[in-house]
Amino acid sequence: MTEGAAAYTPVEIAQRGSRGLAIRWSDGAESLLDVRALRLACGCAVCVDEWSGEERLDPASVPEDVHPLRIQPVGRYAIQIEWSDGHGSGIYPFARLRALGAGS
Ligand SMILES: [Zn+2]
């Protein structure tokens with residue numbers, strides 16, 4: 001592992017049905033994430049207060065059918081998701097995606 005590289009990297013990211021995002025990892029594992037849960041887990045400065053860590057995103061403001069419109073890589077450690085509710089500043093580091101998918 002080289003410095004700055006994520007321990008796991010996604011080799012494939014695909015939408016699964018209307019609610020699921022399937023990620024296949026470099027070690028062969030697969031995570032199936034609920035897209036709305038992923039939207040609610042956004043850690044950007046708009047959704048989470050940078051100083052206090054307090055969540056500022058009201059779950060009620062996120063539509064039930066929210067889904068990714070565009071997913072693009074950010075460097076070699078994260079993806080950025082542009083959501084159907086107009087939110088596009090959320091960056092999801094691979095380690096966070098991996099952790100979110102570990103419980104399912
Ligand atoms: Zn956000």
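The legends below describe close-up views of a predicted model.

**View 1. The zinc ion is held by three cysteines and one histidine: Cys-42, Cys-44, Cys-47 and His-87.** The cysteines each contribute their SG atom and His-87 contributes NE2, at 2.1 to 2.3 Å from the zinc ion. The angles between the four donor atoms run from 101 to 115 degrees, so the arrangement is tetrahedral. Along the chain, the donor residues follow the spacing C-x1-C-x2-C-x39-H. Cys-42 has a relative accessibility of 2% and therefore counts as buried. Cys-44 is buried as well, with a relative accessible area of 10%. The count of disulfides is zero.

**View 2. Ser-89 lies in the loop between strands E5 and E6.** Its relative accessible area is 37%, so Ser-89 is partly exposed. Leaving out residues up to four places away in sequence, Ser-89 touches Cys-44, Val-46 and Gln-80. Of these, Cys-44 is also a donor to the zinc ion. Another zinc donor, Cys-47, is 42 residues from Ser-89 along the chain, and the C-alpha atoms of the two are separated by 9.4 Å.

**View 3. Helix H2 spans residues 94-102 and has four buried residues, Phe-94, Leu-97, Arg-98 and Gly-101.** These residues lie on the same side of H2, because they cover an arc of only 100 degrees around the axis. The exposed residues Ala-95, Ala-99 and Ala-102 sit on the face of H2 turned away from the buried side. The buried residues of H2 pack against two strands that follow one another in numbering, E5 (78-83) and E6 (90-93), and against strands E1 (10-16), E2 (20-25) and E3 (30-34). Helix H1 (35-40) is also among their packing partners.

**View 4. The largest nonpolar core holds 19 residues.** Those that touch the most other members are Leu-38, Cys-47, Ile-79, Ile-81, Trp-83, Tyr-92 and Leu-97. Two or more core residues come from each of the elements E2, H1, E5 and H2. In soluble globular proteins, nonpolar side chains tend to be buried together. Cys-47 belongs to this core and is also a donor to the zinc ion. Leu-97 is likewise a core member, and is one of the buried residues of H2.

**View 5. Leu-38 is in contact with residues from several parts of the chain, setting aside its neighbours within four places in sequence.** Its partners are Leu-21, Leu-33, Ile-81, Trp-83, Tyr-92, Leu-97 and Leu-100. Among them, Ile-81, Trp-83, Tyr-92 and Leu-97 are, like Leu-38, listed with the core residues that touch the most other members.

**View 6. Leu-40 is found in helix H1.** With a relative accessible area of 28%, Leu-40 is partly exposed. Not counting residues up to four places away in sequence, Leu-40 touches Leu-57, Pro-59 and Val-62. Leu-57 is 17 residues from Leu-40 in sequence, and their C-alpha atoms are 7.4 Å apart.

**View 7. Pro-73 is found in strand E4, which covers residues 68-74.** Pro-73 is exposed, with a relative accessible area of 67%. Not counting residues up to four places away in sequence, Pro-73 touches Ala-78 and Ile-79. Of these two, Ile-79 is among the residues of the largest nonpolar core that touch the most other members. Pro-73 and Ala-7 are 66 residues apart in sequence, with 16 Å between their C-alpha atoms.

Technical notes: Residues numbered from 1 in each chain as written. Predicted model: local features only at pLDDT ≥ 70, side-chain atom pairs only at ≥ 80, totals over all residues. Heavy atoms only, no water. Donors = N, O, S within 2.8 Å, 3.2 Å for Na, K, Ca; no water. Tetrahedral: all angles 85-135°; square planar, octahedral: opposite > 155°, others 65-115°. Buried < 20%, exposed > 50% of the residue type's maximum accessible area, 1.4 Å probe, protein only. Arc of directions from axis to C-beta. Contact = heavy atoms within 4.5 Å. Core = buried A, V, L, I, M, F, W, Y, C linked by side-chain atoms within 4.5 Å. Disulfide = S-S within 2.5 Å.
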